[in-house]
Amino acid sequence: MEFTHPSVVDGINAGASWADPEMDPTRIDWPARQAAAAIPFEVIDGRPVKPGPSTGIRYGRNELGHWGEQRCADAVVIATAGDLRWLLMVERADGHGWALPGGYVDPGEHPVDAAIRELREETGLIVDRDSDYQLLLPSRIVPDPRASDEAWMVTTPAAFDLGDFPQGALYLPEVTGADDAKRARWMLADSFESLTLSLRMYGGEVFAAHRDLLSGLLG
């Protein structure tokens, strides 16, 4: 199957930074992109091949603007309040559900710095790299519903722990959805099940690309 969503072409025509203007992937300098990739991938007959299971769309970019791997970073922000664990989530403006704050890693940008920047842009929350940052988790391919076998997402999650708020959840830092996020909220997340139940209160569900990541982290 071959498919590229019309929005990608619209992005190219508008000069959007997220959309590769090249329509023919065989004209791309793949050795350079392969050398910079977080997860190795093959190029066959001048066309990239997503590592792992097929998406069902062998050719084209589906809804993603780039060819090959797109590097992203996500912020996993945890706090404890009232003896319960809370996770910061954002509702995506594109209708794909609730996700971790995150986005593209700019050229030359460290994933932790990208996660901090995206967190600030999408929620207004500013974290301290020296005291709040805990761990850079391994890069992974995410099962993004917008991906194809020639355009896929790789994220490097960065974990931040804001510590304990003994006065309760009402004293968690204020957050507000902005940029690509419609809303930002602290969600009860003692387990993946409790997170999904919390999201149902907002009529939402976990973004498909983050389900495996969060179920593994939260248990």
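Tutor: Quick vocabulary before we start: helices (H or I, at least four residues) and strands (E, at least two) are DSSP runs, numbered from the N terminus. Residues count from 1 along each chain as its sequence is written. This is a predicted model, where local features need pLDDT of at least 70, side-chain atom pairs count only at pLDDT 80 or more, and totals for chains, interfaces and linings use all residues, while side-chain values use heavy atoms, with hydrogens and water left out.

Student: Okay, where does Asp20 lie?

Tutor: Look in the loop between α1 (6-13) and α2 (30-36).

Student: Is Asp20 buried or exposed?

Tutor: Buried means under 20% relative accessible area, exposed over 50%, and partly exposed in between (1.4 Å probe, protein chains only). Asp20 comes in at 15%, so it's buried.

Student: Which residues is Asp20 in contact with, leaving aside neighbours within four places in sequence?

Tutor: Contact means heavy atoms within 4.5 Å. For Asp20, those are Ile12, Arg33, Arg61, Gly65, His66 and Trp67.

Student: And how do I read a phi value?

Tutor: Most residues other than glycine have a negative phi. Now check Asp45: its phi is positive, near 55°. Asp45 sits in the loop between β2 (42-44) and β3 (47-49), and is exposed at 72% relative accessible area. Asp83, not a glycine either, has a positive phi of about 60°. You'll find Asp83 in the loop between β5 (68-81) and β6 (84-92), exposed at 75%.

Student: What about Gln70, which lies in strand β5: what does Gln70 touch?

Tutor: Not counting residues up to four places away in sequence, Gln70 touches Tyr104, Trp152, Met153 and Val154. Gln70 counts as buried because its relative accessibility is 13%.
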